[in-house]
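I opened the model today to go through its folds and contacts. These are my notes, in the order I looked things up.

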Amino acid sequence: MLLRHTPKTLAERSALTINPAKTCQPVGAMYAALGIHRCLPHSHGSQGCCAYHRSALTRHYTEPIMASTSSFTEGTSVFGGQANLLESLNTIFTLYNPDIIAVNTTCLSETIGDDLAQIINKAVTDHKIPPGKTVMYASTPSFKGSHVTGYANMLAAMVQHFAVNTGKRNRALTVLPSFIEPSDMTEIKHILGAMGIAYLMYPDTSNVVNGPMDGTFRMYPQGGATKEQLQESGDSRYALALGPSGTLAAAQLLDTKCKVRTEVLELPIGISATDALVDTLRKTMGVTVPEKLLIERGQLVDVLCDKNQYLYGKKVSLIGDPDILIGLTQFCKDAGMEVLHVVSGTPAGTKFIKRIQEIAGPAVAVKAGPQGDLFYFHQLLQNHTPDLILGNTYCKYIARDMDIPLIRTGFPIYDRVGHSYFPITGYRGGLRLLVKILDAFMDRQDRDAAEEEFELVM
Ligand code: SF4
């Protein structure tokens, strides 16, 4: 009901965010940390923060998300969180026995100015960290950036803490994925495997937040990159970072710290971007493209051609995270659709805006940052109504109010299942996304068709 009061007239805002299209940095940091095997994410702040981070991830993945907290109280807010963190490390290693604890900061610990490097050094000096165990940390102040920034910061911290150049280059490729679903990580590994490439990937949340139900509770699920793999990445022959917003900092660090040749590509969403990935792998790793991938590509092209009449000229509006938005924009353009609006709550800089305009054309309305919120998105839609929205669960209110079909993409998705198990990346993921888009248009056509135009065959 409240949405009906969103004014159609757009006004530039510089400080106010209304109904943000993002969540907080530690959520992304926690998600990244879950992609390391036997790693426990730890939120250095109040219990309420940690409860929120965990619940955001639990609701999206419908899996229990293990994480601990420094449990700040009023006293901690005044005197700092050192005592709490030292006590936490002791308790966690004693009770839960992880191999790695990945500490992220919160708004409160950042505002107090807790120096995590100093606190963790003290923990080492005081023998609070058992032999063979590691405590890593990332600064994730949530009063700036978003969950994508937190993910990027934790990923860079992984490189900082673990990657080592021993001087002996190995044959492996290191892959650093942006904030994507575990199903998408699996799909990228499927492409690498099909091409016969030796690789290591981190973080890797497949089989961690989408593991099978087998009746056994595992505090640390079977998936995730190992500590040894993180270390070996410093000796990789080559590294590929997929999605600049989530991976650029880590890729640059791997390059400068370990002298690994790195390249940053866009996420392989749709034909063009997946072709770019496959072609880069072919050239840099000296392999050929197998028949299996050509068939997958051909199937996607086949459906695109068969059903192009349902896609061509359709108007679409997108909201979400920058790396996924670039991929989705390219996907929609490749399918002959017109992209009207692209909005992100994550500050992504002018490069992102230029890239979207390059793909979608100069007429596209694009905004990224705190004012790229759902209120603004709703205003844009009122001025130029699309045929389809691609965005997360929070878009459902706008979609219902304006009677526009919504396909859930990105993070978070709280009201549908499947995203953790079925990808949108690669050729197979592209086919799934295409089918979802076609279903939305065909369902709408059936719903609105006059009786004499209600067709059996479409
Ligand atoms: S206080 Fe900051 S870190 Fe904690 S939940 Fe809120 S935005 Fe996130």
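**Entry 1: a strand pair.** I started at Leu176, whose bridge partner in β7 is Ala241. The model is predicted, so I apply a pLDDT floor of at least 70 for local features. I then followed the two strands: β5 and β7 run parallel and are joined by five bridges. On to β8, which also runs parallel to β7 (residues 238-242), again with five bridges. I noted two of the facing residues. Ala239 sits opposite Thr262 in β8, and Leu240 sits opposite Glu263 in β8.

**Entry 2: the sheet around it.** I wrote down the strand order as β6-β5-β7-β8, an open sheet of four strands with parallel pairing. Which strands stand at the edges? They are β6 (199-201) and β8 (261-265); each has a single partner strand, so one side of each has no neighbour in the sheet. I also looked up the twist: neighbouring strands are turned by 20° against each other on average, direction ignored.

**Entry 3: how covered is β7?** I checked burial along the strand. Five of the five residues of β7 are buried, so the rest of the structure largely encloses β7. I then split the strand by face. Tyr238, Leu240 and Leu242 lie on one side, Ala239 and Ala241 on the other, and all are buried.

**Entry 4: helix α10.** I moved on to α10 (residues 244-258). Its buried residues are Pro244, Ser245, Gly246, Thr247, Leu248, Ala249, Ala250, Ala251 and Leu254. What do they pack against? I found β5 (173-177), β7 and β8, along with the helices α7 (147-162) and α14 (322-334). Just after α10, I flagged Lys259 for its positive phi of about 60°.

**Entry 5: domains.** I took down the division of the protein chain. Domain 1 covers 2-16 + 307-451, domain 2 covers 25-158, and domain 3 covers 173-211 + 219-291. The centres of domain 1 and domain 3, taken over C-alpha atoms, are 26 Å apart. Their contact takes 25 residues from domain 1 and 27 residues from domain 3. On the domain 1 side, α14 and α18 (426-448) are the elements that give two or more residues. The largest share there comes from α14, with nine residues. By class, I get twelve nonpolar, nine polar and four charged residues on that side of domain 1.

**Entry 6: the other open sheet.** I turned to an open sheet of five strands, in the order β11-β10-β9-β12-β13, with parallel pairing. The edges are β11 (365-368) and β13 (406-408); each has a single partner strand, so one side of each is left without a neighbour in the sheet. Neighbouring strands here are turned by 15° against each other on average, direction ignored. I checked one pairing closely. Four bridges join β10 (residues 338-344) to β11, and the two run parallel. Val343 has Lys367 of β11 as its bridge partner. Helix α15 (residues 349-360) packs on this sheet, touching β10 and β11, and its direction makes about 155° with that of β11. Helix α16 (residues 374-383) lies across β9 (315-320), β10 and β11, at about 160° to β10.

**Entry 7: helix α1.** I looked at α1 (residues 25-34) next. Ten of its ten residues are buried. Among them are Gln25, Pro26, Tyr31 and Ala33. The cover includes β1 (39-44), α2 (47-61), β3, β4 (134-138) and α7.

**Entry 8: Ala102.** I picked one residue to look at in detail. Ala102 is in strand β3 (residues 100-105). Is Ala102 buried or exposed? I count it as buried, because 28 other C-beta atoms lie within 10 Å, and the cut-off for that is 20 or more. Leaving out residues up to four places away in sequence, Ala102 touches Ala33, Ile36, Cys39, Pro41, His42, Met136 and Met154. Ala33 and Ala102 are 69 residues apart along the chain, yet 6.2 Å separates their C-alpha atoms.

**Entry 9: the ligand.** I ended at the ligand. Which residues are around the ligand? I listed Cys24, Pro26, Gly45, Cys49, Tyr52, Thr106, Cys107 and Ser142. By class, this shell has five nonpolar, three polar and no charged residues. Pro26 also appears among the buried residues of α1.

Notes
Residues numbered from 1 in each chain as written. Predicted model: local features only at pLDDT ≥ 70, side-chain atom pairs only at ≥ 80, totals over all residues. Pairing = 2+ DSSP bridges. Axes fitted to C-alpha atoms, helices over the stretch in contact; angles between N-to-C directions. Near = placed C-beta within 6 Å. Nonpolar A, V, L, I, M, F, W, Y, C, P; charged D, E, K, R; others polar. Buried ≥ 20, exposed ≤ 12 C-beta atoms within 10 Å, placed from the backbone. Contact = placed C-beta atoms within 7 Å. Domains from an automatic or database assignment.
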